[in-house]
Amino acid sequence: MRIEIKNIRKEFKTIRRTVSVLKDINFEIKDGEFFVLLGPSGCGKSTLLNIIAGLENPTGGKLVFDDKVVASGNKNECAPVKERNVAMVFQTYALYPHLSVYENIAFPLRIAKMDKSEIDKQVRKSAEMLRITNHINSKPSELSGGERQRVAIARAIVRKPRALLFDEPLSNLDAQLRTATRIELKKLQRELGITTVYVTHDQVEAMTLGDRVAVLKDGYVQQIDSAINLYEKPVNKFVAGFIGFPNMNLFDIEVLKEREKFYIQFEKDRFYFDPITVEIGTKYCMGIRPSDIEVTDDNENVLKGKIDSIELLGKEVLLYVSSNNMEFSIFTPKKDFKENQEINFRFDQTKIHFFKK
Ligand SMILES: Nc1ncnc2c1ncn2[C@@H]1O[C@H](COP(=O)(O)OP(=O)(O)OP(=O)(O)O)[C@@H](O)[C@H]1O
Ligand SMILES: [Mg+2]
């Protein structure tokens with residue numbers, strides 16, 4: 001199913017004031033796509049997902065499933081929520097504690113009054129897919145967090161919804177289990193081919209799961225793109241800083257020119273570079289990823305700095321370096337670096353991002 005979000009706005013009226021949570025959201029999710037909503041806490045991800053699910057109504061705009069308007073700021077245009085046939089999985093699993101795993105999964109089918117033998121077939125098939133068949137007679141309280149979340153996912157897929165909606169489903173799991181479940185979830189979605197909208201504040205999850213990712217902040221979409229494009233071509237400072245680990249270095253700078261050569265003047269050092277699309281005398285925020293900075297023995301066209309601290313990350317180290325009255329982080333192959341060591345470093349010219357102020 002195709003999902004279209006057209007000029008969606010959402011305001012909450014509280015006793016004292018009106019909060020505008022979603023300001024003007026527009027995008028389209030393709031049929032069968034794994035689409036991720038990513039953003040910091042409070043940016044409106046859950047609110048948008050709840051609107052798609054029918055748990056909230058938009059204040060303005062339209063929500064379209066295939067070619068049918070299912071929700072709208074104009075109440076007369078809304079279709080009944082139960083016709084949407086979408087299934088949601090929550091962070092807290094939301095299983096019925098008094099029902100067995102089997103009955104939890106069967107629940108939406110019983111509501112739909114499916115006949116008994118067909119229910120049995122579908123429940124077993126879903127349980128099989130999520131590898132929880134041997135827990136089918138247990139109560140949720142007898143399961144681990146990871147197993148409970150599988151039950152919740154089995155319950156979501158059992159009635160073959162037109163869309164699967166996930167709100168931070170892996171947040172309660174430990175790191176290892178989260179990675180394992182993430183990989184399985186991606187596989188499952190591919191097998192089922194069901195349009196999926198997945199909310200997370202974890203950029204790694206977003207980047208590994210999403211065919212496309214929408215980055216949200218303050219009620220606005222900042223960028224919608226594939227993981228690789230978000231990483232390589234962030235459209236603004238926010239996306240640049242939010243995506244990628246270790247975080248991108250971001251500085252306010254000005255591009256200057258001397259005898260046909262472009263340079264950035266830092267407090268003491270000057271870095272010459274071949275510009276692609278920058279304007280002289282314009283104030284920019286410059287972005288450079290820690291892995292795009294090279295530590296070098298050269299003395300020309302380098303910045304001089306001092307290592308403040310070192311974090312060992314396997315074969316690489318993350319250096320925190322003070323230089324020109326600024327802090328740089330540099331991700332580089334491990335060598336015998338020491339704290340307080342003086343080093344020279346330079347930027348990979350092709351990897352510098354310039355964001356207009
Ligand atoms: N029913 C409500 N009444 C008033 N304000 C609300 C209501 N629901 C959400 N909000 C506000 O809307 C904003 C967005 O909430 P939302 O739950 O969508 O954020 P989120 O991006 O899912 O955050 P998190 O990552 O913490 O789950 C928050 O500032 C929240 O306080
Ligand atoms: Mg949320």
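How many helices and strands are there in the chain? Eight helices and 20 strands, to be exact. Keep in mind as you look around that this is a predicted model.

**The chain as a whole**

Start with the overall picture. The C-alpha trace spans about 80 × 50 × 40 Å along its principal axes. The chain has 357 residues, and 36% of them are buried. Now take the contacts with a separation of 6 or more: 64% of these are between residues 24 or more positions apart.

**The sheet with β1 and β4**

Next, have a look at an open sheet of four strands, which come in the order β2-β1-β4-β5 with antiparallel pairing. β2 and β5 (68-72) are its edge strands, so to speak, each with a pairing partner on one side only. Going from one strand to the next, the twist averages 25°. Inside this sheet, β1 (residues 3-13) and β4 (residues 60-65) are joined by five bridges in the antiparallel sense. If you want a spot to zoom in on, try I5, which has L63 of β4 standing opposite.

**The β17-β18 hairpin**

Further along the chain, β17 and β18 make a hairpin, with two residues between the strands. N324 sits in that turn and has a positive phi of about 50°. The two strands run antiparallel and are held together by eight bridges. One pair to pick out here is L318 with its bridge partner in β18, F331.

Here are the two strand pairs side by side:

| Strand pair | Residues | Bridges | Sense |
|---|---|---|---|
| β1 and β4 | 3-13 and 60-65 | five bridges | antiparallel |
| β17 and β18 | 316-323 and 326-333 | eight bridges | antiparallel |

**Around ligand 1**

Which residues come nearest to ligand 1? They are F12, S41, K45, S46 and T47, out of 13 residues around the ligand. Two elements, β2 (18-29) and α1 (45-53), each give two or more residues to this shell. Of the elements, α1 gives the most, with three residues. So what is the shell like by class? Sorted that way, there are eight polar residues, four nonpolar ones and one charged residue.

That also ties two parts of the model together: β2 is an edge strand of the four-stranded sheet, and β2 also gives residues to the shell around ligand 1.

Methods
Residues numbered from 1 in each chain as written. Chains lettered and ligands numbered in written order. Predicted model: local features only at pLDDT ≥ 70, side-chain atom pairs only at ≥ 80, totals over all residues. Near = placed C-beta within 6 Å. Nonpolar A, V, L, I, M, F, W, Y, C, P; charged D, E, K, R; others polar. Buried ≥ 20, exposed ≤ 12 C-beta atoms within 10 Å, placed from the backbone. Contact = placed C-beta atoms within 7 Å. Pairing = 2+ DSSP bridges. Axes fitted to C-alpha atoms, helices over the stretch in contact; angles between N-to-C directions.
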